[in-house]
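Biologist: I should be grateful for a close look at the aromatic pairs in this model. Please describe them together with the strands and helices that carry them.

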Amino acid sequence: MREFPFWTEEKLRIQDTDLNGHVNNASIAALCEAGRGEIISSVAGEPRSRPLATALRRVIIDYLAEVHYPGRVRIGSAISRVGNTSITIHQELFLGELRFATAESVIVFMDRTTRRPAPMLDIWRAAAERLAPVEA
């Protein structure tokens, strides 16, 4: 089990369910995105004011259990790797005590003009390194 330095909470909506009555995979991906957006903003600031753009390069989601509406989902996020032009974010999603999904995402920082990968700013690197996972 990991202790996460960053938490996001999202409310499940009726529209998150599918014909089987459980929260669907697209909605779980959107919950991961909500957590990713917040942790990236905590490192790099608000999207429109960043000197570098960001792009999702890769995401892997493991679905561990079914969950159903209603409820509040807690998304634990940590930056598990800091590279030169990218970060890797590890996430776990909980409904109550039930861990129902995990995700790993790679975010690339890009020059806004060339749209090519660019080294992240030193201040961002320092902030990202402070958000590493802590083993419990």
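Modeller: Three aromatic pairs are present in the structure, which is a predicted model. In one of them, the ring centres of W7 and F94 are 6.0 Å apart and the planes meet at 45°, so this pair is classed as tilted. W7 belongs to strand β2 (residues 6-11) and F94 to strand β5, so the contact ties together parts of the chain that are 87 residues apart in sequence. The two partners are covered to unlike degrees: W7 is partly exposed because its relative accessibility is 37%, whereas F94, at 5%, counts as buried. With F4, these two residues make up one aromatic cluster. W7 also has a charged neighbour, since R74 lies over the face of its ring at 4.6 Å from the ring centre.

Another pair is formed by F109 and W124, whose ring centres are 5.3 Å apart with the planes at 45°, so it too is tilted. This pair links distant parts of the chain, with F109 in strand β6 and W124 in helix α2 (residues 122-129), 15 residues apart. Here both rings are covered: F109 is buried, with a relative accessible area of 1%, and W124 is buried as well, at 5%. The cut-off for buried is under 20%.

The setting of F109 deserves attention. Strand β6 spans residues 98-111, and ten of its 14 residues are buried. On the side of β3 (residues 52-63), β6 is joined in the antiparallel sense over eleven bridges; within this pairing, I60 stands opposite E104. Strand β6 also pairs with β5 (residues 86-95), again antiparallel, over ten bridges, and S86 has V108 as its bridge partner. Two residues separate β5 and β6 in their hairpin, where G96 adopts a positive phi near 65°. As a general point, side chains in a regular strand alternate between the two faces of the sheet.

W124, in turn, leads to helix α1 (residues 25-44), in which A44 is found. Leaving aside residues up to four places away in sequence, A44 touches R50 and W124. With a relative accessibility of 9%, A44 counts as buried. A further spatial relation concerns A44 and A128: they are 84 residues apart in sequence, yet their C-alpha atoms are 8.8 Å apart in space.

How values were computed:
Residues numbered from 1 in each chain as written. Predicted model: local features only at pLDDT ≥ 70, side-chain atom pairs only at ≥ 80, totals over all residues. Heavy atoms only, no water. Buried < 20%, exposed > 50% of the residue type's maximum accessible area, 1.4 Å probe, protein only. Helix = DSSP H or I, 4+ residues; strand = E, 2+ residues; numbered from the N terminus. Pairing = 2+ DSSP bridges. Contact = heavy atoms within 4.5 Å. Phe/Tyr/Trp six-rings, centres within 6.5 Å; stacked < 30°, edge-to-face > 60°. Lys NZ or Arg CZ within 6 Å of the ring centre and 35° of its normal.
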